[in-house]
Amino acid sequence: MSGGAIPRLVIAAPSSGAGKTTVATGLMAAFAEAGLVVSPHKVGPDYIDPGYHSLATGRPGRNLDAYLCGPGRIAPLFLHGAAGADLALVEGVMGLFDGASGMGELSSTAQVAKLLRAPVVLVVDASSQSRSVAALVHGFASWDPEVRLAGVILNKVGSDRHEELLREAMESSGVPVLGALRRDGRAGTPSRHLGLVPVAERRAEAVESVAELAARVREGCDLEALLALARTVPELPDAPWDPAAELSVAEGVTAPRRPLIAVAGGPAFTFSYAEHAELLAAAGAEVAAFDPLRDEQLPPGTRGLVIGGGFPEMYAPDLSANAPLRAAVAALAGSGAPVSAECAGLLYLSRSLDGKPMCGVLPAESRMTERLTLGYREAVALRDNALAAAGTRVRGHEFHRTVLEPGAGADPAWGLTHPERRVEGFVSGGVHASYLHVHWAAEPSLAGRLVARAARGSVARSSA
């Protein structure tokens, strides 16, 4: 079988809250337990669901976001992530046809399904309806003829009689019922803000939850029919995304030496796209993970630092208590080494978070608020820095309930151009710190530039 014909399904829903993550994660785990190599994917910028997908499958959970990366990269990124898999499952975002605000179908589950030429299985919350479920499914099936709505999984079914009524109604819809799951809170996953609590914060409980979801899906879904449906897909004509090839198109982005780039992880810093580490490695870096909650020093030989997003406000006392690491981070930043910090990383570099001392790299204080800042952004680099050349345009995503005062330094990281115009973040020496989450697959030069600067720094120090 060619790589382009990887069996695949998109798991969607009419709206948020219908149970997409429950069903998608359960299917991933059930198929993996049956011996299949399952490749997990998530539509949109979400970092948390892919953690559960990874736990279910043993493979990195990968995002497919047409806004952040462009529609043309969706199939290549999919093929890269799904290489060697027997089955790929793609969990949708929000409702099937919901995309970036004011931009039509862009970044919607429907758009991704069309780009992947993948059949869609609709997860329907049936808890408060019976015959109306057929009208709902008919509407979704007929809305866009290019979207192949090929099956339905009924979720939150109340009883055998309720299921009987639902199946009877669905007979007239022309869309087969491929599963029915009862209401069950045993496999619940706690939520925070707009998503689940990350796996890294509750690993033991998450393992139990995923196992329970797999059992529920095996009991309630027709796995043979779902797999048969996944195997009806055509071959994709695209070539898989290749980080080395992406970097080779820009002159001088690969490092002459192998500088060590430390990447923050652990429960406080769980937000990272898998392609970032792959791009750093392709650019010539040695990539080493560390946990700011536990490690008192950066990995030996660190020449650059990447601190992604997460929920540091949940761990502010513990992060603050690790004074040796805070001092090491400040010293590295003060040396001029490249440091890329996004959202949680931005807070960690500030003077304080909710009154707890942080690294003190940035002249700003941070704190939790009740207000959620959420949405896609377009931005431009206002000056050359360790991450981006002046004029580099990116698309990103903001998601936080914190504020930083001031919100921008004398040299801001980005000038936001859409949907609002403002400056944001900090550039100082080798530090680039911002609330904006950017997917480097859309702009591989960011990884190449950071590694090249780290390599130049290591050369200078080794010759001193």
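Analyst: Let's settle one term before we look around: a helix here is a DSSP run of H or I with at least four residues, a strand is a run of E with at least two, and both are numbered from the N terminus. With that in hand, C343 falls in the loop between β13 (339–342) and α14 (344–349). Keep in mind throughout that this is a predicted model.

User: What is there to notice about phi at C343?

Analyst: Start with the general idea: most residues other than glycine have a negative phi. C343 isn't a glycine, yet its phi is positive, about 55 degrees.

User: And is C343 buried or exposed?

Analyst: Buried means a relative accessible area under 20%. C343 comes in at 5%, so it counts as buried.

User: Which residue in the loop between β4 and α5 should I look at next?

Analyst: Try S107, which sits between β4 (87–91) and α5 (109–116). S107 has a positive phi too, about 75 degrees, and again this is not a glycine. With a relative accessible area of 2%, S107 is buried.

User: How do I read the omega angles, say between E405 and P406?

Analyst: The background is that most peptide bonds are trans. The bond from E405 to P406 is cis, with omega near -5 degrees. You'll find P406 in the loop that links β17 (393–405) to β18 (414–418). Move along to H418 and P419 and there's a cis bond there as well, with omega about 0 degrees. P419 belongs to the loop between β18 and β19 (422–424).

User: Let's zoom out. How many helices and strands does the chain have?

Analyst: There are 15 helices and 22 strands. The radius of gyration is 23 Å, close to the 23 Å that the globule rule gives for 464 residues, so the chain is as compact as a globular protein of that length. The C-alpha trace spans about 75 × 45 × 45 Å along its principal axes.

User: How much of the chain is buried, and what share of the contacts is long-range in sequence?

Analyst: Of the 464 residues, 57% are buried. As for contacts with a separation of 6 or more, 75% of them join residues 24 or more positions apart. On the outside, the chain exposes about 17,800 Å², and carbon and sulfur atoms supply 50% of that.

User: What about charge: how many positive and negative side chains are there?

Analyst: The count is 42 positive and 49 negative, and the centres of the two sets lie 3 Å apart.

User: Where should I go to see the nonpolar core?

Analyst: The general idea is that nonpolar side chains tend to be buried together in soluble globular proteins. In this chain the largest such core has 110 residues, and L27, L116, L280 and W414 have the most contacts inside it. Helix α1 (residues 20–33) gives the largest share of this core, seven residues. There's also a second, separate core of 38 residues, with L319, A333, A344 and M358 among them.

User: Which residues does L280 touch?

Analyst: Leave out anything up to four places away in sequence, and L280 touches I261, V263, A285, V287, V306, W440, A447, L450 and V451.

User: Can a loop residue be read in the same way? Where does V175 lie, and what is it in contact with?

Analyst: V175 lies in the loop between α7 (160–170) and β7 (177–182). Its relative accessible area is 7%, so V175 is buried. Setting aside neighbours within four places, V175 is in contact with V137, A141, L149, A150, G151, V152 and M170.

User: Which of the two words fits S159, buried or partly exposed?

Analyst: Partly exposed covers the range between 20% and 50%. At 31% relative accessibility, S159 therefore counts as partly exposed. S159 is in the loop between β6 (149–157) and α7. The C-alpha atoms of S159 and H80 are 42 Å apart in space, while the two residues are 79 apart in sequence.

User: One more: where is G81, and what does G81 touch?

Analyst: G81 is in helix α4 (residues 74–81). At 9% relative accessibility, G81 counts as buried. Beyond residues up to four places away, G81 touches S39, H41, R59 and R62. For a sense of distance, G81 and G396 are 315 residues apart along the chain, and their C-alpha atoms are separated by 21 Å.

Notes:
Residues are numbered from 1 along each chain as its sequence is written. This is a predicted model: local features need pLDDT of at least 70, side-chain atom pairs count only at pLDDT 80 or more; totals for chains, interfaces and linings use all residues. Side-chain values use heavy atoms; hydrogens and water are left out. The radius of gyration is taken over C-alpha atoms; the globule rule is 2.2 Å times the number of residues to the power 0.38. Buried means under 20% relative accessible area, exposed over 50%, partly exposed in between (1.4 Å probe, protein chains only). Contact means heavy atoms within 4.5 Å. Accessible areas come from the Shrake-Rupley method with a 1.4 Å probe; for residues, only the protein chains shown count as cover. Lys and Arg count as positive and Asp and Glu as negative; His and the chain ends are not counted. The place of a charge is taken as NZ of Lys, CZ of Arg, CG of Asp or CD of Glu. A nonpolar core is a set of buried Ala, Val, Leu, Ile, Met, Phe, Trp, Tyr and Cys residues joined through side-chain atoms within 4.5 Å.
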